[in-house]
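Grab a pencil and work through a few helix-geometry exercises. Each one has its solution right below.

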Amino acid sequence: MAVEQSLTPRGEQTRIHDIGYRHYDGPRLGRAYARRSLYSQSLRGSYGLGRSVKSKVLPMLLFVVMCVPALIMVAVAVATKAKALPVDYTRYAVIMQAVIGLYVASQGPQSVSRDLRFKTVPLYFSRPIETVDYVRAKYAALASALFVLTTAPLIVLYVGALLAKLDFVDQTKGFGQGLVSVALLSLLFAGIGLVISSVTPRRGFGIAAVIAALTISYGAVSTVQAIAFEQSSSSAVPWLGLFSPITLIDGVQTAFLGATSAFPGGQGPSTGQGVVYLVVVLGLIAGSYGLLMRRYRKVGL
């Protein structure tokens, strides 16, 4: 029903016209459905699904780049009847950290920057969805996309190792350790990428900042570690690893998952130092979530 009011001569009554609008009488699906829908759409968008062909090119290309080295390693292992894979499951993500950083830099801003630029966040909150739903859906979607990106090559390695008739127990154990490592990496990188991306509505600035935080920081920390090792200050090498996201993951998996460290001289953190690494990683994940909540409470006002 619609009400039409106009300036009419005194004494003439207002007219009411039925123009066919009907109320929605169906089920109200509520917050849970809205949260699942936002998660699903954000996850699909992380690989360009449901978007233009141009949007699919970069994420799909990075996915292929992540898997191709694993395919080559498997082919070599099968052809040469090797007794072990060239790379441990826990080492693969560290080796491919540049590709992972580029993926986060491209898809983190895509996930949240457009909502900020076009000021659509308040529209989300006008529906049965709250700040916590938006943040959880976006965080879970990017972390899931990263987990898919980093797990796919591990699956290739695992299947290839079984085809090469390598020891089933050893390969299954290594594969499980690799899954734990990339799950932790996905949560950490997703949190950092979203926090940085939520600061600016300009996607280009967000991409540059994420690359600096994830990729450039790794190069800087690795360089300083190498200098410290060459200067006979090897005791400082594990502590320097606290200042880069990928070296944090390296330290945790070295201390608790039996991985071989990529630190100079292979001197990863001890178990005691590993506890510090784990606390820092979990603190960064929790802190990223908290910062996102605070940020979107302000944006949604």
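The exercises cover helix length, helix packing and one side chain.

Ground rules: this is a predicted model, with local features needing pLDDT of at least 70 and side-chain atom pairs counting only at pLDDT 80 or more, while totals for chains, interfaces and linings use all residues. Residues are numbered from 1 along each chain as its sequence is written, and side-chain values use heavy atoms, with hydrogens and water left out.

**Exercise 1.** Work out how the span of helix α4 (residues 97-117) fits the expected length.

*Solution.* Start with the rule: the expected span is 1.5 Å times one less than the number of residues. With 21 residues, α4 should reach 30 Å, and its first and last C-alpha atoms are 29 Å apart, which is close. Next, look for a bend (the angle between axes fitted to the seven residues ending at a residue and the seven starting there): α4 bends by about 35° at glutamine 110.

**Exercise 2.** Find how α4 packs on helix α8 (residues 203-230).

*Solution.* First take the angle, about 150°, and the axis separation, 8 Å. That makes the pair roughly antiparallel (over 145 degrees). Finally, the handedness of the α4 and α8 crossing is right-handed (near helix turned clockwise from the far one by less than a right angle).

**Exercise 3.** Decide whether serine 55 is buried or exposed, and find its side-chain partner.

*Solution.* Locate serine 55 in helix α2 (residues 53-80). Its relative accessible area is 19%, so serine 55 is buried (under 20%; exposed is over 50%). Its side chain makes a polar contact (N or O atoms within 3.5 Å, one able to donate a hydrogen and the other to accept it) with the side chain of arginine 51, at 3.2 Å.

Terms used. Helices (H or I, at least four residues) and strands (E, at least two) are DSSP runs, numbered from the N terminus. Axes are lines fitted to C-alpha atoms, for helices over the stretch in contact, and angles run from 0 to 180 degrees between N-to-C directions. Angles under 35 degrees count as roughly parallel, over 145 as roughly antiparallel, 65 to 115 as roughly perpendicular and the rest as oblique. Buried means under 20% relative accessible area, exposed over 50%, partly exposed in between (1.4 Å probe, protein chains only).
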